[in-house]
2 protein chains.
Amino acid sequence: MRLTTKGRYAVTAMLDLALHPEQGPVSLSDISQRQGISLSYLEQLFSKLRRDALVKSVRGPGGGYQLGRPIDDIYVAQIMDAVNEVIDATGCKNKADCKNGVTCLTHYLWCDLSDQIHGFLSKISLGDLMRQNDAHNKVNKVTEPKVDDQLFMLQTNEMAG
Amino acid sequence: MRLTTKGRYAVTAMLDLALHPEQGPVSLSDISQRQGISLSYLEQLFSKLRRDALVKSVRGPGGGYQLGRPIDDIYVAQIMDAVNEVIDATGCKNKADCKNGVTCLTHYLWCDLSDQIHGFLSKISLGDLMRQNDAHNKVNKVTEPKVDDQLFMLQTNEMAG
DNA sequence: AGAATACCCGACTAAAATAATCAAGTAAAT
DNA sequence: ATTTACTTGATTATTTTAGTCGGGTATTCT
């Protein structure tokens with residue numbers, strides 16, 4: 001899991017789609033103008049988003065892109081994973097001499113953390129983000145992410161597995 | 001907030017320090033060997049970590065680095081922030097013609113998400129990570145880090161939802 | 001049918017960040 | 001005094017990001 005500017009562009013573009021629900025498909029040139037992202041770069045990103053079925057494309061005049069699923073079935077982690085290459089976080093996966101030394105303990109701890117972040121972003125949908133903004137405008141307080149619960153949940157999940 | 005390989009190196013190095021509590025300072029060359037990070041790159045990272053008082057340095061023979069605070073007072077977000085430059089996530093912060101249109105709504109939603117991630121990582125300390133690993137080992141009796149399981153878990157996470 | 005729109009795709013280039021290297025210091029311990 | 005190891009700055013190489021280019025294909029509209 002990586003949180004890069006590339007992923008930010010992707011999430012931004014997906015949010016742009018989510019904010020234009022049923023006026024037909026949204027063209028990349030529209031997104032390009034509104035969000036200030038180059039058209040060709042958007043094409044690269046949407047190629048990957050489409051590969052993961054996060055968006056559907058409609059060709060021809062009046063065509064463009066639409067979300068591939070309802071906003072509550074699209075999670076931030078999925079968007080990030082679609083556009084970012086998965087990396088080997090340990091750097092020692094294939095080493096024969098990797099025998100639970102200090103090195104691998106740190107790697108393991110890092111993987112733990114990485115899983116926590118991934119699990120966290122796997123629970124935030126586009127719909128969550130948009131509703132949170134609504135709530136924020138009304139009450140100025142948010143109920144969505146339960147951070148402490150997340151921490152404990154991960155522990156129990158791993159123990160079970 | 002960015003979650004990059006650079007930040008991963010920093011967290012890894014800090015974990016390495018945390019795992020060597022009171023045998024005196026830990027030299028960067030030790031960390032370099034154990035974690036497979038080049039010495040000079042570690043120097044760059046620790047320059048920033050020191051600037052933020054996350055580590056203390058001891059010069060001379062037998063010198064090295066120690067954590068600047070107890071493990072429960074050092075949070076992952078602080079480490080990330082120390083080594084990563086803060087970026088302007090909106091790209092329109094200073095524009096006078098930015099009047100809360102669709103563009104800025106997406107930017108605002110992104111900032112919201114970014115705050116959530118930051119808040120999440122601001123609650124995970126080095127101590128949390130280490131204790132969680134202890135609990136995991138006790139329950140599963142795992143003595144060797146199971147990298148393949150980690151990867152598998154990540155994949156199923158990606159597929160889920 | 002033909003023109004216009006907009007997705008699709010691969011290769012290429014430019015810019016930026018990451019990672020590593022080199023060189024020349026300073027502080028402290030033996 | 002010598003060695004160790006931090007400290008700093010400059011430089012370079014590599015990778016990633018971002019953008020560009022030039023072609024395509026599917027679709028709609030006239």
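**Reading the DNA surfaces of a predicted model**

Tutor: Let's start at DNA strand D: the surface near it divides into 8 nonpolar, 12 polar and 6 charged residues. Keep in mind that this is a predicted model.

Student: Which residues come nearest to DNA strand D?

Tutor: Of the 26 residues around this strand, the nearest are Thr5(A), Ser40(A), Arg59(A), Ser57(B) and Tyr65(B). Sugar and phosphate make up 69% of the strand D atoms that come within 4 Å of the protein.

Student: Which elements supply at least two residues each of the surface near DNA strand D?

Tutor: Chain A brings α1 (5-18) and α3, while chain B brings α3, β1 (55-58) and β2 (64-67).

Student: And how do I read individual polar contacts to DNA strand D?

Tutor: Look for N or O atoms paired within 3.5 Å. Here, an N or O atom in the side chain of Tyr41(A) is 2.7 Å from a phosphate oxygen of DNA strand D. Sugar or linking oxygens take part as well: one is 2.3 Å from a polar side-chain atom of Arg59(A), and one is 3.3 Å from a backbone N or O atom of Gly60(B).

Student: Which residues are closest to DNA strand C?

Tutor: That strand is surrounded by 26 residues, with Ser57(A), Tyr65(A), Thr5(B), Ser40(B) and Arg59(B) the closest. By class, this surface has 8 nonpolar, 12 polar and 6 charged residues. Among the strand C atoms within 4 Å of the protein, 66% belong to sugar or phosphate and the rest to bases.

Student: Where are the phosphate contacts of DNA strand C?

Tutor: In chain B, a phosphate oxygen is 2.6 Å from a side-chain N or O atom of Thr5(B), and for the side chain of Lys6(B) the distance is 3.3 Å. In chain A, a polar backbone atom of Leu28(A) is 3.0 Å from a phosphate oxygen of DNA strand C.

Student: What about the interior? Which residues touch the most other members of the largest nonpolar core?

Tutor: Nonpolar side chains tend to be buried together in soluble globular proteins. In this model the largest nonpolar core has 76 residues, and Phe46(A), Leu121(A), Phe46(B) and Leu121(B) touch the most other members. Phe46(B), for example, touches residues including Ala13(B), Leu28(B), Val55(B) and Tyr65(B).

Student: Where does pLDDT stay under 50 in chain A?

Tutor: Coordinates should not be read in detail where pLDDT is low. Chain A averages 80, and 74% of its residues score at least 70. Over residues 139-161 of chain A, however, pLDDT stays under 50, although the model has 36 contacts beyond four places in sequence for this stretch.

How values were computed
Residues are numbered from 1 along each chain as its sequence is written. Chains are lettered from A and ligands numbered from 1 in the order in which they are written. Side-chain values use heavy atoms; hydrogens and water are left out. A residue is near a molecule or strand if one of its heavy atoms lies within 4 Å of it. A polar contact is a pair of N or O atoms within 3.5 Å; within protein, one must be able to donate a hydrogen and the other to accept it, and residues adjacent in sequence count only if both atoms are side-chain atoms. Ala, Val, Leu, Ile, Met, Phe, Trp, Tyr, Cys and Pro count as nonpolar, Asp, Glu, Lys and Arg as charged, and the others, Gly among them, as polar. A nonpolar core is a set of buried Ala, Val, Leu, Ile, Met, Phe, Trp, Tyr and Cys residues joined through side-chain atoms within 4.5 Å. Buried means under 20% relative accessible area, exposed over 50%, partly exposed in between (1.4 Å probe, protein chains only). Contact means heavy atoms within 4.5 Å. pLDDT is the predictor's confidence in each residue, from 0 to 100. Helices (H or I, at least four residues) and strands (E, at least two) are DSSP runs, numbered from the N terminus.
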